[in-house]
Amino acid sequence: MESAIFGLVGVFLGAVLTVAREWWFQSRKTRKDAEYLSIQVSCELERYVATCAEVVGDDGLCDGLPDEDGCHSIQVQAPEFDPMSLNVEWKSLPANLMYEILDFPYKTEVANQAIAAAFEYEAGPPDYWEGFEERQFQYATLGLAASELATKLRSHVDLPARSVGDWNPVRYMKEKKSAIESKRAKRAAQVPDL
């Protein structure tokens, strides 16, 4: 009887140890997958942020001059961020963070629709300022959101913050967005109520 009890205890302990070992290995793998994903995706987002800052600085002039027709034209191509093209284990992230990343291309589509509408229905030659202002505003907003998302990813796996050099694209986009919001508020205040 005593040997049967020891046998059952041994089987039970063996099962518990096996489950614990499997859990430990799985949690370690999930952690490594999350670290790799966070590094890769945050680096892609930082590239996106840098290009957004270039778009925000695009006023349609090339070296301060309009094109050959005397008009302003887009000089900087808009950045692209396609998270599904990255070969990472998405399930290693918490659902809310994964959703924010995978939803980001939709935010870009919405911004591009607003920009297209501004160029088509509001902006006119030769400077198309309404279109360029909307483009700068939308890409400042996207760039700031991408930077915040990269920060969340880094903090999720305890990576250090990105060091900022002499030029800070996030600060630049915040200043540009704030200036546009100020201009828009002044213009709105000058329009009489109908």
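About 12700 Å² of the protein chain is exposed, and carbon and sulfur atoms supply 58% of that area. The model is a predicted one, and 31% of its 194 residues count as buried. As for secondary structure, the protein chain has four helices and zero strands, so read from the N terminus by the DSSP runs, the order is simply α-α-α-α. Looking at contacts in the protein chain between residues at least 6 apart in sequence, 75% join residues at least 24 apart.

Next come the charged pairs. Side chains of opposite charge can pair when their charged atoms come close. With a cut-off of 4 Å between a side-chain nitrogen of Lys or Arg and a carboxyl oxygen of Asp or Glu, the count comes to ten salt bridges. One of them pairs Asp58 with Arg135, with 3.0 Å between the closest N and O atoms. Asp58 sits in the loop between α1 (2–56) and α2 (95–122), while Arg135 belongs to helix α3 (residues 129–156), so this pair ties together parts of the chain that are 77 residues apart in sequence. Both partners fall under the 20% limit for buried residues: Asp58 has a relative accessible area of 4%, and Arg135 comes in at 5%.

Another salt bridge runs between Glu100 and Lys152, whose closest N and O atoms are 2.9 Å apart. Here, too, distant parts of the chain are linked, with Glu100 in helix α2 and Lys152 in helix α3, 52 residues apart. As for accessibility, Glu100 is partly exposed at 27%, and Lys152 is likewise partly exposed, at 30%.

Then there is the pair Glu134 and Arg184, whose side chains meet in a salt bridge at 2.6 Å, N to O. Glu134 is part of helix α3 and Arg184 part of helix α4 (residues 169–190), so the pair ties together parts that are 50 residues apart in sequence. This one has a buried partner, Glu134, with a relative accessible area of 14%, and a partly exposed partner, Arg184, at 25%. The story does not end with two residues: salt bridges that share partners join Glu133, Glu134, Arg184 and Arg187 into one network.

Put side by side, these pairs involve several parts of the fold. Helix α3 supplies Arg135 to the pair with Asp58, Lys152 to the pair with Glu100, and Glu134 to the pair with Arg184.

Terms used:
Residues numbered from 1 in each chain as written. Predicted model: local features only at pLDDT ≥ 70, side-chain atom pairs only at ≥ 80, totals over all residues. Heavy atoms only, no water. Helix = DSSP H or I, 4+ residues; strand = E, 2+ residues; numbered from the N terminus. Buried < 20%, exposed > 50% of the residue type's maximum accessible area, 1.4 Å probe, protein only. Contact = heavy atoms within 4.5 Å. Areas by Shrake-Rupley, 256 points an atom, 1.4 Å probe, with all protein chains shown as cover.
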